[in-house]
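Student: I should like to understand the terms used for this structure. May we take them one at a time?

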Amino acid sequence: MGKYAVLVVDIINDFVTGALGCDRAHLVVEPAQRLLRAARKSGVPVIFCNDAHIKGVDKELELWGDHAIEGTKGAEVIPELELCDKDFIVPKRRYGGFFQTNLDMLLRELGVDTVILTGLHTHLCVRHTGADAYQLGYKIIMAKDATQALTEELYQTGLKYFEEYYGAEIADVDTVVEKYF
Ligand code: ZN
């Protein structure tokens with residue numbers, strides 16, 4: 001039996017309804033909500049890896065425009081995911097959840113060896129988070145209905161990349177909950 005944690009990448013207001021929102025982002029809301037409710041019930045840690053950019057400073061904003069500025073509504077977890085006291089928030093200023101954050105230390109101290117990845121977008125921030133998870137030696141499970149990308153093609157190529165290069169298990173939320181929680 002592994003020790004699991006759910007990583008929720010950028011399911012924040014600006015990626016769903018705000019500055020970088022897109023229709024497909026809404027597809028993750030209900031499955032992610034179901035996954036997080038089950039995780040909390042089973043004592044599996046829920047860790048939000050949230051963009052929290054510094055306006056006028058972060059290089060990434062030159063490419064994407066202002067989004068998820070630290071301290072704004074846009075940088076908050078969407079209300080549907082019911083952020084609670086036991087959840088963790090790890091702010092990030094780049095694509096990946098591990099890059100210059102305390103995520104690795106947090107996971108190690110929680111005894112986690114397998115991360116269940118969810119969030120936006122499959123081929124971008126979720127993938128960069130997956131790259132470091134893989135390189136640091138974590139096993140990866142992709143909750144495939146709780147992640148999305150800007151297009152179907154980017155979603156599919158994102159999932160395929162996870163499977164081929166990070167050895168990730170690709171499974172839907174119901175399977176993850178049944179098998180691991
Ligand atoms: Zn960003």
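Student: Which residues of helix 7 are buried?

Tutor: This is a predicted model, in which local features need pLDDT of at least 70, side-chain atom pairs count only at pLDDT 80 or more, and totals for chains, interfaces and linings use all residues. Residues are numbered from 1 along each chain as its sequence is written, and side-chain values use heavy atoms, with hydrogens and water left out. In helix 7 (residues 173–180; helices are DSSP runs of H or I, at least four residues, and strands runs of E, at least two, numbered from the N terminus), V173, V176 and Y180 are buried. They lie on the same side of helix 7, because they cover an arc of only 70° around the axis, taken from the directions from the helix axis to the C-beta atoms.

Student: What makes Y180 count as buried?

Tutor: Buried means under 20% relative accessible area, exposed over 50%, and partly exposed in between (1.4 Å probe, protein chains only). Y180 has 14% relative accessibility, so Y180 counts as buried.

Student: Why is the pair of Y4 and Y180 called tilted?

Tutor: The whole structure holds six aromatic pairs. Rings of Phe, Tyr and Trp (its six-membered ring) pair if their centres lie within 6.5 Å; planes under 30 degrees apart are stacked, over 60 edge-to-face, and the rest tilted. The centres of Y4 and Y180 are 5.0 Å apart and their planes at 50°, so the pair is tilted.

Student: What makes the pair of F162 and Y166 edge-to-face?

Tutor: Their planes stand at 85°, with centres 5.2 Å apart, so this pair is edge-to-face.
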